[in-house]
2 protein chains.
Amino acid sequence: MSRGAHLTRCNNFTANSHAPVRCFSLAKNKNTQKERVVILGSGWAGYGFARTLDPAKYERVIISPRSYFVFTPLLASTSVGTLEFRTILEPVRRIPGKVGFYQGWADDIDFNRKTIRVETNAAEEAASKTVIPGPSVRDPTIEVPGRRPKGDIIDISYDKLVIACGAYSQTFGIDGVRQHAHFLRDIGDARRIRLRVLSLFEQCSYPRDSDHLSDADKRQLLHFAIVGGGPTGIEFAAELHDLIRDDLAPIYPDLYKFVSITVYDVAPKVLPMFDQALAKYAMDTFTRYKIQVKTEHHLERLRLADGEFGRRHGALKIKIKEYGDEEVGAGMVVWSTGLMANPLIAKLASKDLHLPGTNPFSTSPSTRRRLLRDPRTGGIVTDEYLRARTTTTSTKEGETTKTTPATTTDDILDDVYIIGDCAISTPSPSSTNNAKQPPTPPPLPQTAQVAAQQATHLAKRLNAGGAAAVAQKPFKFRNWGTLTYLGSWKAIHQSEADELRGWVAWVLWRGAYLTKSMSWRNKLLVPVYWVVSWVFGRGISRF
Amino acid sequence: MSRGAHLTRCNNFTANSHAPVRCFSLAKNKNTQKERVVILGSGWAGYGFARTLDPAKYERVIISPRSYFVFTPLLASTSVGTLEFRTILEPVRRIPGKVGFYQGWADDIDFNRKTIRVETNAAEEAASKTVIPGPSVRDPTIEVPGRRPKGDIIDISYDKLVIACGAYSQTFGIDGVRQHAHFLRDIGDARRIRLRVLSLFEQCSYPRDSDHLSDADKRQLLHFAIVGGGPTGIEFAAELHDLIRDDLAPIYPDLYKFVSITVYDVAPKVLPMFDQALAKYAMDTFTRYKIQVKTEHHLERLRLADGEFGRRHGALKIKIKEYGDEEVGAGMVVWSTGLMANPLIAKLASKDLHLPGTNPFSTSPSTRRRLLRDPRTGGIVTDEYLRARTTTTSTKEGETTKTTPATTTDDILDDVYIIGDCAISTPSPSSTNNAKQPPTPPPLPQTAQVAAQQATHLAKRLNAGGAAAVAQKPFKFRNWGTLTYLGSWKAIHQSEADELRGWVAWVLWRGAYLTKSMSWRNKLLVPVYWVVSWVFGRGISRF
């Protein structure tokens, strides 16, 4: 490919007119007859799809800011040192068979030319921590203080595209959450939480006859607040309780009396996916552990405490609507309230598609075709075959203030599939050009289960016979039930068939996680660490 | 202790007149009859001593910036992902029996009042990376950009003091080493090296038809330079070679041809502690691996490459005396050329000691007593019982330009012991007040073996009967020999009794390390990781 050719291609991306000068492209390998399937993301959807897609039939190329897949159900265990971080990571480059991988963020997609623009990320501190984008943090033309230098830009072409780039943490725009809360979605988050917990105990351990931290100060610093009463928040609270009781209380005996853990939720009950009896069992267990659960509490602001206490010790103040002006002190706030759409999805959905043959009878600029976006969740809508749906809107010229579409037709964007948290899977549009959407069942939850099943389904269909095979069999979600760990070797499990609690659920939980765990390396190491942590205690070295 | 009392005490430290306002002190616990032994440092010397000292007889208090002991012989293995970082760490707080621990740096010692001033370190990114102090980085009155905020100041009193705070990496003041070289002395260093190696391969892996990195660029970035041909440098080169050949070459097949590893040393031969035949065996092995060893090469400067290549990719340029103006490119430089004295030691050695009864016949200001410092290494000289030696110098008043001491007497500083890399152990002074030092045997090398044996010896003597027992039996170093790993399951071993090479030495090496490894937790985990890494490959996730 000549230098001139790729420079021309670079200019196709109008949004990136301020892109760095150096950019180059990965053209499709012409020596191979295989179609290239490019996968955006390396989570449950992207990684699971790439593992299942047959490398003998397709060339697989993964684009993800992270070089690994995280086994998220065990993330809380790594954050408290029960498991070693790397035991829940699967390197993308170790997927069996030949796999291409470019570490970076998909910045834009030209569906017309079937090309993805990628900002590479080869920084040493790779993107392993959750970053909540500010209003325009992904806009490269805006200077954001502290943003790392931009990576190289590469263009990668595809034959088929699987968008599986997930979703971001939802902060509801609450003041201070983005800056001061901890998240628990990636391995860097788990590491940060671990360092913070150990550091808080260390800070409170200075000599007793000191005047630098009062008992009230220590009580604030050793208050761990978890916002969000879903399985992630509940499991983290349980694991944190285990760590403090089993490992930290023996070495900091004077501090145990200052420790408290609180779970806040806006809903009237936590663990909404469990039935009344199981949720009550969970709450009774938590009551015994002295973990407080405060439902119908609305967090309004998070800020650093005033003076040295905030600056040096990182003490936080939580403003809660129900408490009026009195703020709650905490040493750490873990945020786990759900997901919001990935900014890339918003960008893609706002692009006009100019596809050849899309609308052969009209070249009017007032007719536009876009990806169909779910107004509630912000995800891209797919049909039941997991193909991206588009919507074509015709407006009369001049009608700019009232943009009610005159006609809307639904269609499928060829060779583009969307799976996982960034997809909203619905039945395909009816063949009649009905202006109203057909009534849809409730969308599937944004869970690892859904993502993993979509990934396997899509890859198997493509293996079976390409796009034609995909269109033959709709995706059906099979609910395996939900499991939540409650600490002290206990869990609750609920599925359509049964419900389980106590150590039976725990055995099921650990067993299920173990067999679902990806590589043999980790299948071996995870139980080794469970035994080692049980016998010798969790890792408490801080580095 | 009242607030007034400790504020008075704080003012005793003249060097710290700009210390933060909040400071408080840990007085000796008056409820216990046990003597308090304070240990500075948690390396081979400090940790080994604390583990051996009987908690039934002494109150043990450790002060160290790190909350753990690092099993340094396996540090290179963690830096390439063969072992998990935490498998070579032993948390200080897990030493059996009650042990006090304050994470921080000893900033100053008042030997008269037997009190240590400590700057605490409870930061989340605790001091796990080697930092080479600049000209005055430890002076709190000087603003250094990027320096983390100072911790709280606490004063800790002692009955007996064991100084085991080690030494710093020696950079010989060579321009750019402090800023751009990697060191390999702590777990944070190993982590940084690991991220850098993986990042370099990632950066060079962008599509082949790109123009962003030429083959020459890749050859520079994938050149790994190791400065210092001692066991640490040689072992790291060997481990890095194993990682690249076994794990990175299969996933980056196009890059293997660009990789090179070079060991530079100023001496005419590397591994000077091994005899000719073993050193030749090592060199022959390296030649087969295509690791270049360049002896009699003098590094003069290290800098970032110009432009984007340096700024974005961190490419380095090495100026070597023998090559004139032509610089050598490298992606990473690992520095391992030896040790220099800890700045605390210099500070302590420059203090005048005003001890009651030291010099009862003279109150003249021209008579001063100081710790005896070895002019060559900068360490504090001890007698053969590991007690700190002092020197009393009488000068005639007015003789300030020519400071030749008129009389020098040597003495021992009671209750202060010095072990490990910061000590220079020599026989005790003769009882005659001879102005000349008695002829001394060559000082012991600054190795883990010496530190560990000194630690055990001193702790056992104190257990046996306090200071009196210490003075009964001099420390004798027993050389167990030196082992160096050469990669690919091979090592060389040399002691006075035998020499070994090949896989026999490897078995001995791994076996010896394993049994010397500290806790049962790690005795179990290290072989598990050896097997797992051998069967499934090393960990290559980057986070």
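Where is the place of A:His297 in chain A? In this structure, which is a predicted model, A:His297 sits in the loop that runs between strand 13 (291-294) and strand 14 (299-304) of chain A. Its relative accessibility is 14%, and because the cut-off for a buried residue is under 20%, A:His297 counts as buried. Leaving aside residues up to four places away in sequence, A:His297 touches A:Tyr264, A:Asp265 and A:Val266, and also A:Ile320, A:Glu322 and A:Tyr323. A:Val263 lies 34 residues from A:His297 in sequence, while the C-alpha atoms of these two residues are 9.7 Å apart in space.

A:Val263 leads to strand 12 (residues 260-264) of chain A, where A:Val263 is the bridge partner of A:Ile226. Strand 12 of chain A has five residues, of which four are buried, so this strand is largely enclosed by the rest of the structure. On one hand, strand 12 of chain A is joined by five bridges to strand 11 (residues 223-227) of chain A, and the two run parallel. The chain passes from strand 11 of chain A to strand 12 of chain A by way of helix 7 (residues 231-251) of chain A, in a β-α-β crossover that is right-handed. On the other hand, strand 12 of chain A is joined to strand 13 of chain A by four bridges, again in a parallel arrangement, with A:Tyr264 standing opposite A:Lys294 of strand 13 of chain A. A right-handed β-α-β unit is formed here too, made of strand 12, helix 8 and strand 13 of chain A.

Helix 8 (residues 276-289) of chain A also leads to another sheet, for it lies across strand 24, strand 25 and strand 26 of chain A and runs at about 165 degrees to strand 25 of chain A. These three strands form an open sheet in the order 24-25-26, with antiparallel pairing. Strand 24 (482-487) and strand 26 (499-501) of chain A stand at the edges, each with a single partner strand, so that one side of each has no neighbour in the sheet. From one strand to the next, the twist averages 10 degrees. Within this sheet, strand 24 of chain A and strand 25 (residues 490-494) of chain A run antiparallel and are joined by five bridges, and A:Gly487 stands opposite A:Lys490 of strand 25 of chain A.

For chain A as a whole, there are 13 helices and 26 strands, and buried residues make up 56% of its 543 residues. Of the contacts in chain A between residues at least 6 apart in sequence, 70% join residues that are at least 24 apart.

Turning to chain B, one may begin with strand 3 (residues 58-64) of chain B, in which six of the seven residues are buried, so that the strand is largely enclosed by the rest of the structure. Strand 3 of chain B pairs in the parallel sense with strand 2 (residues 35-40) of chain B over six bridges, and B:Glu35 stands opposite B:Tyr58 of strand 3 of chain B. Between these strands the chain crosses through helix 2 (residues 44-52) of chain B, in a β-α-β crossover that is right-handed. Strand 3 of chain B also runs parallel to strand 6 (residues 100-110) of chain B, to which four bridges join it, with B:Ser64 opposite B:Gln103 of strand 6 of chain B.

Further along chain B, the axes of helix 7 (residues 231-251) and helix 8 (residues 276-289) of chain B come within 11 Å and cross at roughly 30 degrees. The two helices are therefore roughly parallel to each other, and helix 7 of chain B passes helix 8 of chain B in a left-handed crossing. The contact is made by B:Ile234, B:Ala237, B:Ala238, B:His241 and B:Arg245 from helix 7 of chain B, and by B:Met283, B:Phe286 and B:Tyr289 from helix 8 of chain B.

Helix 8 of chain B in turn lies across strand 24, strand 25 and strand 26 of chain B, running at about 165 degrees to strand 25 of chain B. The order 24-25-26 describes an open sheet of three strands in chain B, with antiparallel pairing, in which strand 24 (482-487) and strand 26 (499-501) of chain B are the edge strands, each pairing on one side only. Strand 25 (residues 490-494) of chain B pairs with strand 26 of chain B in the antiparallel sense over three bridges, and the bridge partner of B:Ile492 in strand 26 of chain B is B:Arg501.

Conventions. Residues numbered from 1 in each chain as written. Chains lettered and ligands numbered in written order. Predicted model: local features only at pLDDT ≥ 70, side-chain atom pairs only at ≥ 80, totals over all residues. Heavy atoms only, no water. Buried < 20%, exposed > 50% of the residue type's maximum accessible area, 1.4 Å probe, protein only. Pairing = 2+ DSSP bridges. Right-handed = clockwise from strand over helix to strand, strands pointing away. Axes fitted to C-alpha atoms, helices over the stretch in contact; angles between N-to-C directions. Parallel < 35°, antiparallel > 145°, perpendicular 65-115°, else oblique. Left-handed = near helix turned anticlockwise from the far one by under 90°. Contact = heavy atoms within 4.5 Å.
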